[in-house]
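Biologist: Could you walk me through this one before I go back to the bench? I have the sequence and the coordinates open.

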Amino acid sequence: MHDLGGPEMDAGANLAPVASHPPERPRSTFARWFDSWMRSLGMALVLFVLIHTCLVEAFTIPSGSMERTLLAGDYLFVNKAVYGAQIPGTHARLPAFETPRRGDVMVFVPPMDPDLNYVKRLVGLQGDTVEMRAGRLRVNGARVTEPYVQRVDPTHDVTDSEFNWQRAYFVGAPDDPHRLHPTRDNWGPLVVPAGKYFVLGDNRDNSLDSRYWGFVDAGAVKGRPMVVYFSYDRETHDALPWLTDIRWNRLGSIVH
């Protein structure tokens with residue numbers, strides 16, 4: 001039978017010396033600290049990317065279109081997970097916890113500029129009929145109570161060529177003047193298409209919203225504001241307005 005092991009060693013043969021390695025030098029305290037610090041930094045960076053991408057993102061309010069709910073100079077934490085955060089580099093979204101509801105304040109990418117973020121209030125879901133008469137919003141024929149709305153110039157109704165997009169979605173009588181000449185405070189009725197939302201600013205007389213540029217695509221919604229974590233008055237001209245003109249009463253306020 002063939003031996004499947006190695007060749008036998010002659011008992012009288014001299015054994016070759018076994019090479020020995022010098023003992024490993026212990027790492028210095030600084031090296032151990034630096035390695036631990038880098039590991040912690042890497043983990044923190046991964047967590048930051050995950051949170052920023054999928055859970056919470058910070059936004060700032062640049063204008064007064066949502067006064068009194070949100071003021072220019074408010075800094076917000078926005079819940080991106082609630083409606084299903086978009087996976088970076090794709091059009092896919094993570095599972096949502098809720099679907100947008102009428103009355104929600106939400107952050108979205110407007111249809112005319114993919115590099116901007118807007119915040120408005122959702123007033124019309126897909127299939128809803130929305131209209132306004134004398135500045136009063138109606139949804140599906142019923143007047144909506146809006147205690148959050150601010151009117152700064154209610155007697156000065158205006159028209160604009162930007163309103164003309166509404167004609168394609170008008171469902172009233174063909175000779176209705178609101179179809180031919182929609183205005184800021186008198187327009188519709190319009191039916192919100194599938195996969196779209198109709199949004200308005202709370203500062204109703206000073207807001208560029210769906211009345212001007214149309215519907216918001218459902219895939220453009222980024223999240224729902226949660227809390228104001230910082231706020232300062234941008235109208236002041238102090239040397240350090242972000243420090244000396246802080247609106248302390250707004251810090252930590254919930255957005256609704």
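Biologist: Let me start with Asp74: does that residue count as buried or exposed?

Modeller: Keeping in mind that this is a predicted model, Asp74 counts as buried, because its relative accessibility is 0%.

Biologist: Which residue does Asp74 form a salt bridge with?

Modeller: The partner is Arg247, and the closest N and O atoms of the two are 3.6 Å apart. Asp74 belongs to strand 2 (residues 74-79), whereas Arg247 lies in the segment after helix 4 (241-244), so the salt bridge ties together parts that are 173 residues apart in sequence. Arg247 is buried as well, since its relative accessible area of 15% falls under the 20% cut-off.

Biologist: And how many salt bridges does the count come to?

Modeller: The count comes to 17. One of them joins Asp104 and Arg224, whose closest N and O atoms are 3.7 Å apart. Asp104 sits in the loop between strand 2 and strand 3 (105-108) and Arg224 in strand 11 (residues 221-231), so this pair links parts that are 120 residues apart in sequence. Both Asp104 and Arg224 are buried.

Biologist: What about Asp202, which side chain meets that one in a salt bridge?

Modeller: That is Arg121, with 2.8 Å from N to O. Because Asp202 is in the loop between strand 9 (196-200) and helix 3 (210-213) while Arg121 is in strand 4 (residues 118-124), the pair ties together parts 81 residues apart in sequence. Asp202 counts as buried at 0% relative accessibility, and Arg121 counts as buried at 2%. Elsewhere, salt bridges with shared partners join Asp74, Asp233, Arg247 and Arg250 into one network.

Biologist: Back to Arg121 for a second: which ring does its charged end sit over?

Modeller: The charged end of Arg121 sits over the ring of Tyr148, at 3.6 Å from the ring centre.

Biologist: Switching to aromatics, how many pairs does a search of the whole structure find?

Modeller: The search finds 14 aromatic pairs. In one of them, the rings of Tyr169 and Phe215 have centres 4.9 Å apart and planes at 80°, so the pair is edge-to-face. It links distant parts of the chain, with Tyr169 in the loop between strand 7 (142-143) and helix 2 (177-180) and Phe215 in the loop between helix 3 and strand 10 (216-217). Tyr169 is partly exposed at 33% relative accessibility, whereas Phe215 is buried at 9%. There is also a cluster in which ring pairs link Tyr75, Phe77, Tyr229, Phe230 and Tyr232.

Biologist: Now the backbone: which peptide bond near Pro189 is cis?

Modeller: The bond from Gly188 to Pro189 is cis, with omega near 15°, and Pro189 is in strand 8 (residues 187-191). The bond from Glu67 to Arg68 is also cis, with omega near 5°, and Arg68 lies in the loop between strand 1 (56-60) and strand 2. Most peptide bonds are trans.

Biologist: Where is Ala134, the one with the positive phi?

Modeller: Ala134, with phi near 55°, is in the loop between strand 5 (129-133) and strand 6 (136-139), and is partly exposed with a relative accessible area of 47%. Asn140 likewise has a positive phi of about 55°; it lies in the loop between strand 6 and strand 7 and is partly exposed at 45%.

Biologist: Last one, where does pLDDT stay under 50?

Modeller: That happens over residues 1-13, for which the model has 1 contact beyond four places in sequence. For the protein chain, the mean pLDDT is 85, and 80% of its residues reach 70 or more.

Note on methods. Residues numbered from 1 in each chain as written. Heavy atoms only, no water. pLDDT = per-residue confidence, 0-100. Contact = heavy atoms within 4.5 Å. Salt bridge = Lys/Arg side-chain N within 4 Å of Asp/Glu carboxyl O. Helix = DSSP H or I, 4+ residues; strand = E, 2+ residues; numbered from the N terminus. Buried < 20%, exposed > 50% of the residue type's maximum accessible area, 1.4 Å probe, protein only. Phe/Tyr/Trp six-rings, centres within 6.5 Å; stacked < 30°, edge-to-face > 60°. Lys NZ or Arg CZ within 6 Å of the ring centre and 35° of its normal.
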